[in-house]
Amino acid sequence: MVSTDRFLAFAAMSLLVIVIPGPSVLFVIGRALAHGRRTAVATALGNVFGSYLLVVAVAVGIGSLVERSVALYMAVKLAGAAYLVLLGVQAFRHRKELRASAIRAVPTGPARGDLRTVLDGVLVGATNPKGVVFFAAVLPQFVNHSAGRVPLQMLLLGLVPIAIGLVTDTLWGLTASAARTWFARSDRRLSLIGGAGGCTMIGLGLTVAVTGRAD
């Protein structure tokens with residue numbers, strides 16, 4: 001259905017876009033710095049789920065509507081930005097609650113905590129302006145309209161950047177969490193890195209709010 005040439009070309013395009021750190025990557029890094037490896041991996045997983053929701057939206061025609069409408073685009077962008085700022089403020093406020101002993105212990109948090117973390121990632125991934133633009137503007141260009149089943153082609157092609165994003169986001173998160181573990185030799189250092197993670201998310205949210213399409 002989708003030719004090998006189109007598939008490889010889209011994969012190359014996706015890699016070029018994904019390797020440039022955007023809202024999702026910075027969000028994963030911020031969560032890793034503030035909460036550690038387990039949260040980073042769960043956030044990365046949620047991010048790719050949220051991103052694939054954008055693929056589904058484009059496949060059924062919603063994504064292109066958002067891309068053409070300034071009002072809808074701004075609503076999606078500002079919702080994501082506000083949520084990032086909220087999470088960043090929470091991480092900064094609770095930075096002094098982080099303890100080195102807790103970092104060195106084996107994580108045994110409740111399943112609900114992990115689920116909420118994944119859902120946080122889903123929301124950020126689904127409201128990522130970079131993802132909206134990429135999937136709405138770039139994905140349709142690699143579909144073979146003469147072959148039919150256009151929505152199915154989009155759903156299949158959309159798995160390519162999702163797979164790439166899962167690998168790269170996870171690597172970013174693990175790298176950031178490793179740096180956090182190094183800082184966890186003292187409660188003071190851990191508090192500083194937790195605050196840095198919160199500030200990263202706040203700054204990211206503000207950046208998302210003031211950047212984007214100019215029309």
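## Helix α1 and its two faces

In this predicted model, the face of helix α1 turned away from its buried side carries the exposed residues D5, L8 and L16. Two of the residues named there, L8 and L16, are leucines. The buried residues of α1 include F10, A11, S14 and I18. These four cover an arc of only 105 degrees around the axis, which puts them on the same side of α1. An α-helix has 3.6 residues a turn, so residues three or four places apart point the same way.

Helix α1 runs over residues 4–18, 15 residues in total. At 1.5 Å a residue, a span of 21 Å is expected, and the end C-alpha atoms are 21 Å apart, so the two values agree.

## The aromatic pair at F10

How many aromatic pairs does the structure contain? The count comes to one. Its members are F10 and F142, whose ring centres are 5.2 Å apart. The ring planes stand at 55 degrees, so the pair is classed as tilted; edge-to-face would require over 60 degrees.

The two phenylalanines come from distant parts of the chain, 132 residues apart. F10 belongs to helix α1, while F142 sits in the loop between α8 (129–138) and α9 (150–183). Are the two residues buried or exposed? F10 has 0% relative accessibility and therefore counts as buried. F142, at 14%, also counts as buried, because the cut-off for that class is under 20%.

## The salt bridge between α2 and α7

The structure holds one salt bridge. It is formed by the side chains of R31 and D120, with an N to O distance of 3.1 Å. This contact, too, links distant parts of the chain: R31 lies in helix α2 (residues 23–35) and D120 in helix α7 (residues 111–126), 89 residues apart.

Where do the charged partners lie with respect to the surface, buried or exposed? Both R31 and D120 are buried.

## A nonpolar patch on the surface

Which residues make up the nonpolar patch on the surface? They are L45, F49 and L166, which together have about 250 Å² of accessible area.

F49 is located in helix α3, residues 37–59. Its relative accessibility is 48%, so F49 counts as partly exposed; the exposed class begins over 50%. F10 in the aromatic pair, by contrast, is buried at 0%.

Technical notes: Residues are numbered from 1 along each chain as its sequence is written. This is a predicted model: local features need pLDDT of at least 70, side-chain atom pairs count only at pLDDT 80 or more; totals for chains, interfaces and linings use all residues. Side-chain values use heavy atoms; hydrogens and water are left out. The expected span of a helix is 1.5 Å times one less than its number of residues. Buried means under 20% relative accessible area, exposed over 50%, partly exposed in between (1.4 Å probe, protein chains only). The arc is that of the directions from the helix axis to the C-beta atoms. Patches are made of residues with over 30% relative accessible area and no salt bridge: like charges are joined within 9 Å, nonpolar side chains (Val, Leu, Ile, Met, Phe, Trp, Tyr) within 5 Å. Accessible areas come from the Shrake-Rupley method with a 1.4 Å probe; for residues, only the protein chains shown count as cover. A salt bridge is a side-chain nitrogen of Lys or Arg within 4 Å of a carboxyl oxygen of Asp or Glu. Rings of Phe, Tyr and Trp (its six-membered ring) pair if their centres lie within 6.5 Å; planes under 30 degrees apart count as stacked, over 60 as edge-to-face and the rest as tilted.
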